[in-house]
Number of protein chains: 2
Amino acid sequence: MNPEKPGYQLSCPVPYTDYDQVMLAHGGGGKISQQIIQKLFFTHFGNEYLNLAHDGAILPLNGSRVAFSTDSYVVQPIFFAGGNIGELAINGTVNDLACCGAKPLFISVGFILEEGLLIKDLEQIVQSMSIAAQNAGVKIVTGDTKVVEKGSCDKIFINTSGIGIIKEGIDISPINCRPGDVIIINGKIAEHGMAILSARKGLQFETGIKSDTAALNHMVEAILDNSREVHVLRDPTRGGLASSLNEIAQSSGVGLTIEEELIPVSEEVRGACELFGFDPLYVANEGKILVFAAKKEAEKILETMKMFDCGKEAALIGYVSEQHPGRVRLKTSIGSHRIVDMISGEQLPRIC
Amino acid sequence: MNPEKPGYQLSCPVPYTDYDQVMLAHGGGGKISQQIIQKLFFTHFGNEYLNLAHDGAILPLNGSRVAFSTDSYVVQPIFFAGGNIGELAINGTVNDLACCGAKPLFISVGFILEEGLLIKDLEQIVQSMSIAAQNAGVKIVTGDTKVVEKGSCDKIFINTSGIGIIKEGIDISPINCRPGDVIIINGKIAEHGMAILSARKGLQFETGIKSDTAALNHMVEAILDNSREVHVLRDPTRGGLASSLNEIAQSSGVGLTIEEELIPVSEEVRGACELFGFDPLYVANEGKILVFAAKKEAEKILETMKMFDCGKEAALIGYVSEQHPGRVRLKTSIGSHRIVDMISGEQLPRIC
C-alpha cells in the first residue's frame, strides 16, 4: 500500500484488534466495517486498484479500461415488497459498475444454497434474475452452485460479480469530488431498508413501502453522455445516504453540506422510520445514486434523470465546499447545522 | 438458448422437477448437479457464452478475448492439511481461468462471515489469500464483506471471481477434444478430497494426506507457449477425474479411455480410499489439470509439466477415440474395460 497514493483514509478511533471476533457491525457499512476493510483487507491485499475504495476496480486491459465489481447478497427475507434477493443481486452489481462510469456487460452468479430450499423459490429467484439482467442489458455468462447442509446457511446467498467497459473521456472516482460541486440524488431515500424491515415485522401491507431496487445503468449512461463534468457516482446502499456521503467526503478531502428540506423522503418512509426509531439518512437504498458534478451541469443532470422512471423525483440535495474537509453537515429545516457522522455499528443486519 | 450451438448436452433420465427441494447432491458436481444447471440455470440465463459450460466464460471485450470465472467456497473444515479455504479460493479461480487458456490477472473476493468468527482465523485466511495471489501473479482488486448472525452460515464462505486475458492463437474449449488426442494429468489424484475427509474424521496425522491445492497458471502458460495443439484444459475438482472426463466426453461428443495402471495415486490415498470406501476417480482435486492435446504434443507437454513442482508426477493416462461417444471407459489393471459414469449424487459435501 502506497501511503502517497490518494485514496480512502479513515480516521478510526478504535483499532479492529479491539475485537477478537467478527460482529454483525463488521458488515454494516459503517465505521466498524471500514476498520476491518482498512486494517485487515487493505493491509494484506493492498494495491493501487483496491486502495481507491471505489464501488469496483478500474483496470487496464489490453488498452481498454474495464470496471470489475463483486457483491454477495444475504438479504433476509429473500422475498420482500418490490423484489427478491435475485433481482437485488443483479441490480446491485450493475449499479456498482455504473458507479465506476462503466457500461455493465457481463455478470457472474455464485449461488450458495441451503439443503431443503424449495426448488420453486429458487426458480422464482432465477426468473427474476433473468428479467433483471434483460432490463439492464447484461448477460449472465458464468456461474457456480454450492449446496450446504440444512442449518449451515440461511436459505440462499448469492454472489454476483460483473464486468463493464469505460468509455474514453470518462473519469469517475471517489477522490474526484471538488469544492463547488453539487450533490444530486435520483429520488426518495430509505425505501429498500424500510421495505425489508416492514417484511421482517410482518407489516409490509400496513406500511405499503416497496424496495426501490432498480438497475440505474441506462440513466447513468445518459447522464455521462450529456454531461462531461460528472466527478463521482456512488450508490448509497448499506449505511444509507449518510455513510456514502462520509466516504466521499473523506476520499476526496472535501466538506459536504446537505439540506434536510431538499432530501426526498416519502411520507410512508418517514412515518415508518419514526415508528421503528430509524434515521432515514442511515437506511439502505438499492435504486439510488448520488451524482457529484460541476454546478453548471446540475440542470442538465436533473433533466436527464427525470427522463427515466428511476429518476422522476431527482433532486439537488447539497453542495461541496473546502470547509470542514472530511465532514458531512446537515442544514436542518430550522436552519441550524449538525454533523452527520458515519454510522458506527450495524443498524439493520442483512439488508442486502 | 440456441439448440444449434454446440455445447454441453446432458442426457439426464431424471428431470429436476422430480425434486421439490434442493438437496446436497445438487451441489455435488455430478448428474443431479448438472440437472439443476441445465434445467434451471441454462433455461433462464442461457446465452452463447454460458451455454458452453466452460470453467469460465470467454468474452469479447474491445477487441480482446477475456476469460471471466466465479466460484464460491464453502469447504468444511476451513483449515486442513495443505491449506485453508482462502488459499483454495484464490487457487481455484486462478485455475478456472487457466483452464480457459487465459493468463489470470485480477481477482475479486466476496466474504460472507458468521458472527463470532475469530478475527485471528480470518486474518490467517486473508494472509494465505495474499500469499496465494502473489504466487499466482494476480491482484485482488475489489471485494465485499457481509456478516450474518451466528447460525446463519458456517464460519466463513468466500466467493472469488476472476478476469484473465487470452493470447491470440489460443483456442481452448470443452468442445474441442478430438479423436486421436491424448489425455495427460499433472500428478497424483484424489489428494484434496482425502485430506478434507481425514480432517473431518480427525485422522489427518494418521493418513498424512495433504490437499494438493496449488495455482497451475504458470505451468499452463508454459504448456500453451510450447505446444500449439492443446485442445481442452479442465481441472478435475468436485466429482473428481471421472466427472470431468464425462463432461468433456459429452461436450466434445467423443469417447475417452483411461488406463487404471497409468493413473497416479499415492499409496496413502489409495489406502484411505479403501478404508473409507471411496473410489479415487470420484474424489476432488484442487491442484490437478487434465490436458487434452494432439498425440504428437504429448512428450513436450509432459516435459514442460515436469519443470514445475506441481507437475513433477505428470502422466499420460489415456486417449480419445470416435468409439463410444459421450462415454468414459476404464481399462482395468487386469485388461478388462468398464464404463466410468458421472457420479450421480454427492460423495463428499462441502469439499471446496
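Modeller: Copies are superposed by least squares on the C-alpha atoms of residues with pLDDT of at least 70 in both. This is a predicted model.

Biologist: Thanks! How do you know that chain A and chain B are related as by a two-fold rotation axis?

Modeller: A turn of 180 degrees, with a shift of 0.0 Å along the axis, lays chain A on chain B with an RMSD of 0.0 Å. The two copies are thus related as by a two-fold rotation axis.

Biologist: Which residue of chain A comes closest to that axis?

Modeller: That is Cys153(A), whose C-alpha lies 2.0 Å from the rotation axis.

Biologist: And what makes you say that the copies meet through the same surface?

Modeller: Of the interface residues of chain A, 100% are also interface residues in chain B, so the same surface is used by the copies.

Biologist: Let's turn to single residues. Why is Glu297(B) called buried?

Modeller: Its relative accessible area is 5%, and buried means under 20%, so Glu297(B) counts as buried. Glu297(B) sits in the loop between β11 (290–294) and α9 (298–306) of chain B. Leaving aside residues up to four places away in sequence, Glu297(B) touches Asn226(B), Ser227(B), Arg228(B) and Glu229(B).

Biologist: Then why is Lys167(B) called partly exposed?

Modeller: Partly exposed lies between the 20% and 50% cut-offs; Lys167(B) has 39% relative accessibility, so that label applies. Lys167(B) is found in the loop between β7 (156–166) and β8 (181–185) of chain B.

Biologist: What does Lys167(B) touch, not counting residues up to four places away in sequence?

Modeller: Its contacts are Arg65(B), Glu221(B) and Asp225(B). Lys167(B) and Asp225(B) are 58 residues apart along the chain, with 9.8 Å between their C-alpha atoms.

How values were computed
Residues are numbered from 1 along each chain as its sequence is written. Chains are lettered from A and ligands numbered from 1 in the order in which they are written. This is a predicted model: local features need pLDDT of at least 70, side-chain atom pairs count only at pLDDT 80 or more; totals for chains, interfaces and linings use all residues. Side-chain values use heavy atoms; hydrogens and water are left out. Contact means heavy atoms within 4.5 Å. Helices (H or I, at least four residues) and strands (E, at least two) are DSSP runs, numbered from the N terminus. Buried means under 20% relative accessible area, exposed over 50%, partly exposed in between (1.4 Å probe, protein chains only).
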